[in-house]
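Here is a briefing on a single chain. It starts with one backbone detail and then moves from the overall fold to chosen residues.

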Amino acid sequence: MIRANIVITLKKSVLDPQGITLKQALHSLGDNQVENVRVGKFIQLLLKENNLDTAKTQVERMCQKLLANLVIEEYSYELEAVKG
């Protein structure tokens, strides 16, 4: 089996109001070293697949068709083989 760890974030050109709010909250708590905050989604999939190339194709398809809104979001992922 293969585990896919997918991170989806807003594109840099898209305003992130949740990130701005978190940055302001962190600053109000004294964490002024925080320069920027971007909020996203983390999705973990366990695939019934053993071939990394096939899994990559499947994850790309899932991200492009359903998991990410490609107009405003970008995604990255890591694949790892897991036992059982």
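**Backbone detail and basis**

Just after α1, G30 adopts a positive phi of about 95°. Helices and strands here are DSSP runs, numbered from the N terminus (helices: H or I, at least four residues; strands: E, at least two). The model is predicted: local features need pLDDT of at least 70, side-chain atom pairs count only at pLDDT 80 or more, and totals for chains, interfaces and linings use all residues. Residues are numbered from 1 along each chain as its sequence is written, and side-chain values use heavy atoms, with hydrogens and water left out.

**Fold**

- Two helices and three strands make up the secondary structure of the chain.
- Their order along the sequence is β-α-β-α-β.
- Helix α1 covers residues 17-28, 12 residues in total. Its first and last C-alpha atoms are 17 Å apart, close to the expected 16 Å at 1.5 Å a residue. That expectation is 1.5 Å times one less than the number of residues.

**Overall dimensions and surface**

- The chain has a radius of gyration of 16 Å, whereas a compact globule of 84 residues would be near 12 Å. The radius is taken over C-alpha atoms, and the globule rule is 2.2 Å times the number of residues to the power 0.38.
- Along the principal axes, the C-alpha atoms fill a box of roughly 50 × 30 × 15 Å.
- Of the 84 residues, 23% count as buried. Buried means under 20% relative accessible area, exposed over 50%, and partly exposed in between (1.4 Å probe, protein chains only).
- About 6100 Å² of the chain is exposed, and carbon and sulfur atoms supply 53% of it. These areas come from the Shrake-Rupley method with a 1.4 Å probe; for residues, only the protein chains shown count as cover.

**Contacts and charges**

- Contacts (heavy atoms within 4.5 Å) often span long stretches of sequence: among those between residues at least 6 apart, 70% join residues at least 24 apart.
- The chain has 11 positive and 10 negative charges, and their mean positions are 6 Å apart. Lys and Arg count as positive, Asp and Glu as negative; His and the chain ends are not counted. Each charge is placed at NZ of Lys, CZ of Arg, CG of Asp or CD of Glu.

**Strand residues N5 and E78**

- N5 belongs to strand β1 (residues 2-10). N5 counts as buried because its relative accessibility is 16%.
- Leaving out residues up to four places away in sequence, N5 touches F42, I43, Q44, S76, Y77, E78 and E80.
- N5 and N69 are 64 residues apart in sequence, with 17 Å between their C-alpha atoms.
- E78 sits in strand β3 (residues 73-81). E78 counts as exposed because its relative accessible area is 57%.
- With the same sequence neighbours left out (up to four places away), E78 touches R3, A4 and N5.
- E78 and I2 are 76 residues apart along the chain, and their C-alpha atoms are separated by 10 Å.

**Helix residue E60**

- E60 lies in helix α2 (residues 52-67). E60 is partly exposed, at 24% relative accessibility.
- Beyond residues up to four places away in sequence, E60 touches Y75 and Y77.
- The C-alpha atoms of E60 and Y75 are 9.4 Å apart, with their positions 15 residues apart along the chain.

**Loop residue Q33**

- Q33 is in the loop between α1 and β2 (40-47). Q33 is exposed, at 61% relative accessibility.
- Q33 and A55 are 22 residues apart along the chain, and their C-alpha atoms are separated by 39 Å.
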